[in-house]
Structures are given as structure tokens and as C-alpha cells.
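Dear colleague,

Please find below the structure that I am handing over to you. My notes on what was found in it follow directly after.

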Amino acid sequence: QVQLVESGGGLVQAGGSLRLSCAASGRTLSNYAMGWFRQAPGKEREFVAAIRWSGVYIGYGDSVKSRFTISRDNAKNTVYLQMNSLKPEDTAVYYCAAGPYDNSMIKWNYWGQGTQVTVSS
């Protein structure tokens, strides 16, 4: 079992920045991928970014490329999402996820409770 707890959400003006954190616990994550997803009201869940626990980047969603950066701190068992140049359309609940990484396939088995990010225009 993996427990994920997100933090760092809030209200920010357009053009501002926020850093989300996801603290993981429960088991070793050495063969896992960690990701961020988001869901806005009335919309489907959207992939934002993912990274392997080894530090190898997996990728970013098209709408956040060049603005968001995913990273992890193995010593703290924490994954971060640095969000810059925020836009009102980035407003959503952001979820951290984890799952085993095998042959480029990821099963997102574990999810956090989500943290709200609101970007005002």
C-alpha cells in the first residue's frame, strides 16, 4: 500500500507560481512512477506530468509543457510540481498518483485526496 498526501494548493493570480508537494509513505517506491493529474469542474481528468522514482522524466501534458516542472526528493519521499506562469485554465483539483512502472506501462494504483489550485484572472 502507498499513501499519498498532497499539499501546496491555493489561490494565485494569473502569471504567478505555486509548488505542490506529494508526500508518499507505505512501501518502497524504487520501481514506481509518480505523477500529477488534474480535474476541473465538468471536465475529464487530465494528465499533467510524471517521473520515475529513479528521477527519469516520463513526460508532461501538452498544456503545461515549459511552464510546469516535476521533481522528486528521495530522502523526503516527496514529489513536487513547480507551476509557473499560471493561467486561469490551470484552475483544477490536482491529484498525486503512484504506480508500478513496467516496460513503459504505468498502473496508477494509488491516488491522493487532491489539492485545489485556483488561478484568478
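In what follows, two residues are in contact when they have heavy atoms within 4.5 Å of each other. Please also bear in mind that this is a predicted model.

I begin with Gly 10, to which that definition applies. Gly 10 belongs to strand β2, which covers residues 10-13. Setting aside neighbours within four places in sequence, Gly 10 is in contact with Leu 18, Gln 116, Val 117 and Thr 118. Gly 10 and Thr 118 are 108 residues apart in sequence, yet their C-alpha atoms are 6.1 Å apart in space. Gly 10 has a relative accessible area of 25%, so it counts as partly exposed.

Strand β1, residues 3-7, has two faces of unlike character. Leu 4 and Glu 6 make up its covered face, while Gln 3, Val 5 and Ser 7 make up the uncovered one. This arrangement may be read against a general rule: in a regular strand the side chains alternate between the two faces of the sheet. Strands β1 and β3 run antiparallel and are joined by five bridges. In this pairing, Ser 7 stands opposite Ser 21 of β3.

Next comes the interior. The largest nonpolar core has 30 residues, and those touching the most other members are Leu 4, Met 34, Trp 36, Leu 81, Met 83 and Tyr 94. At least two residues of this core come from each of the strands β3 (18-25), β4 (32-39), β5 (46-52), β7 (68-73), β8 (78-83), β9 (92-102) and β12 (115-120). As a general matter, nonpolar side chains tend to be buried together in soluble globular proteins. Tyr 94 deserves a closer look. Not counting residues up to four places away in sequence, Tyr 94 touches a list of residues that includes Glu 6, Leu 20, Trp 36, Phe 68, Leu 81, Met 83 and Val 117.

Two of the core strands, β7 and β8, run antiparallel and are joined by six bridges. Within this pair, Phe 68 has Met 83 of β8 as its bridge partner. Four residues lie between the strands of this hairpin, where Asn 77 takes a positive phi near 50°.

How many disulfides does the structure hold? There is one, formed by Cys 22 and Cys 96 with their sulfur atoms 2.0 Å apart. The disulfide links distant parts of the chain, as Cys 22 lies in strand β3 and Cys 96 in strand β9, 74 residues apart. The angle about the S-S bond is -80°, and the link of Cys 22 and Cys 96 is left-handed. Cys 22 has a relative accessible area of 0% and is therefore buried. Cys 96 is likewise buried, with a relative accessible area of 0%.

The aromatic rings form the last main topic. Five aromatic pairs were counted. One of them joins Phe 37 and Phe 47: the ring centres are 5.6 Å apart and the planes stand at 70°, so the pair is edge-to-face. Because Phe 37 lies in strand β4 and Phe 47 in strand β5, this pair ties together parts that are 10 residues apart in sequence. Phe 37 is buried, with a relative accessible area of 9%, whereas Phe 47 counts as partly exposed at 30% relative accessibility.

Phe 37 also pairs with Trp 111; here the centres are 5.0 Å apart and the planes lie at 55°, so the pair is tilted. This second pair links distant parts of the chain, with Phe 37 in strand β4 and Trp 111 in strand β11 (residues 110-111), 74 residues apart. Trp 111 has a relative accessibility of 30% and so counts as partly exposed. Ring pairs link Phe 37, Phe 47, Trp 108 and Trp 111 into a cluster. In addition, the charged end of Arg 45 sits over the ring of Phe 37, 5.8 Å from its centre.

Finally, Glu 44 is placed in the loop between β4 and β5. Is Glu 44 buried or exposed? Its relative accessibility is 70%, and it therefore counts as exposed. Leaving aside neighbours within four places in sequence, Glu 44 is in contact with Arg 38 and Gln 39.

With kind regards

Note on methods. Residues are numbered from 1 along each chain as its sequence is written. This is a predicted model: local features need pLDDT of at least 70, side-chain atom pairs count only at pLDDT 80 or more; totals for chains, interfaces and linings use all residues. Side-chain values use heavy atoms; hydrogens and water are left out. A nonpolar core is a set of buried Ala, Val, Leu, Ile, Met, Phe, Trp, Tyr and Cys residues joined through side-chain atoms within 4.5 Å. Buried means under 20% relative accessible area, exposed over 50%, partly exposed in between (1.4 Å probe, protein chains only). A disulfide is a pair of cysteine sulfur atoms within 2.5 Å. Two strands pair if DSSP finds at least two bridges between them. Rings of Phe, Tyr and Trp (its six-membered ring) pair if their centres lie within 6.5 Å; planes under 30 degrees apart count as stacked, over 60 as edge-to-face and the rest as tilted. A charge sits over a ring if NZ of Lys or CZ of Arg is within 6 Å of the ring centre and within 35 degrees of the ring normal.
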